[in-house]
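Biologist: I have a fold to look over before going back to the bench. Can you walk me through how its parts pack?

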Amino acid sequence: MDQLDSGVLDDDTTLVTLTAGGNDQDAFSNAFTECAGLVSDCSGPGFLAKYEGVIDGDIVPDTGRTIHMINERAPNARILLVSYPVIVSTQTVCPGSPTTGLNESRDLATLAEYLNDAESDMVGGLSLEHPTGGIAIVSPLAAFAGHAACDSDPWINAVVVGPNGDGDFHKGDPESRLCAPAWVPAIGPCLSRESFHPTREGSTTYEHVVEQWLTSIGYTGG
């Protein structure tokens with residue numbers, strides 16, 4: 001069931017936090033796939049223009065509509081959108097990724113920063129429309145600086161071969177784009193959904209980013 005329609009949001013809700021947008025239109029996964037392709041090169045203005053168009057035309061409007069619906073269902077809640085960090089190191093090429101150079105990694109970082117800015121502008125507009133709703137955004141960019149996947153102290157996973165955790169694909173599950181086709185066993189098993197998602201340290205850092213914002217507004221849970 002859609003979380004918006006699950007009944008957890010009502011007049012008694014005081015806080016809603018969310019991170020949204022990266023999976024819309026498969027934007028992040030498609031961008032990563034394009035950068036890692038053997039014959040594709042994602043560096044350059046054409047790549048950035050394409051995905052910036054997806055951010056402006058689909059991701060940000062969809063996220064804005066989601067926040068608007070949360071505000072309608074939970075009119076007394078503080079709503080906090082937590083945006084995205086830079087996922088892959090812009091200083092070190094990931095081992096085993098000869099097709100993704102630093103220029104491509106920096107373009108991926110530019111997209112993350114662009115999404116942060118675009119979502120921030122969108123939230124600013126929503127705050128004017130719903131001045132009593134307490135709609136805000138925080139960015140984890142600074143908190144994750146130097147801790148992207150493949151940095152010396154990563155708080156984001158690089159490629160993780162699964163199954164490795166809850167939600168991963170296991171033997172007998174239907175095939176997915178995250179799994180090698182059954183007829184190509186040499187490629188290996190499915191990729192874990194933990195790939196390019198925060199490690200334990202990264203999840204804790206997200207927690208601290210939210211806690212700092214709650215402290216700054218004096219939120220005590222009531």
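The questions below go from the sheet to the helices and then to the cavities.

Biologist: What is the strand order of the open sheet?

Modeller: Keep in mind that this is a predicted model. The sheet has three strands, and their pairing is parallel. The edge strands, β1 (15–18) and β3 (135–138), each pair on one side only. The order is β1-β2-β3.

Biologist: Which residue is the bridge partner of L80 in β3?

Modeller: Strand β2 covers residues 78–82 and pairs with β3 in the parallel sense. That pairing runs over four bridges. In β3, the partner of L80 is A136.

Biologist: What angle does the direction of α2 make with that of β2?

Modeller: Helix α2 packs on the sheet and touches β1, β2 and β3. Helix α3 packs on the sheet too, touching β2 and β3, with its direction at about 165° to that of β3. For α2 against β2, the angle is about 160°.

Biologist: At what angle do the axes of α2 and α3 cross?

Modeller: Two packed helices are described by the distance between their axes and the angle between them. Here α2 spans residues 45–73 and α3 spans residues 102–129. Their axes come within 9 Å, and α2 passes α3 in a right-handed crossing. The axes cross at roughly 35°.

Biologist: How many nonpolar residues does the contact of α2 with α3 have?

Modeller: From α2, the contact residues include F47, L48, I55 and I59. From α3, they include L108, L111, L115 and M122. Charged residues number four and polar residues three. The nonpolar count is 15.

Biologist: What is the volume of the largest cavity?

Modeller: The count comes to two cavities of 30 Å³ or more. The largest is lined by F28, A31, F32, I87, L108, L111 and A112. That lining has seven nonpolar residues, no polar and no charged. Its volume is about 70 Å³.

Biologist: Which helix gives the largest share of the lining of the second largest cavity?

Modeller: The second largest cavity has a volume of about 40 Å³. Its lining is A27, F28, A31, Y51, V54, I55, I59 and L111, eight nonpolar residues with no polar and no charged. Both α1 and α2 supply at least two residues. The largest share, four residues, comes from α2.

Key. Residues are numbered from 1 along each chain as its sequence is written. This is a predicted model: local features need pLDDT of at least 70, side-chain atom pairs count only at pLDDT 80 or more; totals for chains, interfaces and linings use all residues. Side-chain values use heavy atoms; hydrogens and water are left out. Axes are lines fitted to C-alpha atoms, for helices over the stretch in contact, and angles run from 0 to 180 degrees between N-to-C directions. A crossing is left-handed if the near helix is turned anticlockwise from the far one by less than a right angle, and right-handed if clockwise. Contact means heavy atoms within 4.5 Å. Ala, Val, Leu, Ile, Met, Phe, Trp, Tyr, Cys and Pro count as nonpolar, Asp, Glu, Lys and Arg as charged, and the others, Gly among them, as polar. On a 1 Å grid over the protein atoms alone, a cavity is a set of points where a 1.4 Å probe fits but cannot get out, and a pocket is an open set with protein on both sides within 12 Å along at least five of seven lines; lining residues have an atom within 4 Å of a point. Grid points are joined across faces, edges and corners, and a volume is the space filled by probe spheres set on the points. Two strands pair if DSSP finds at least two bridges between them.
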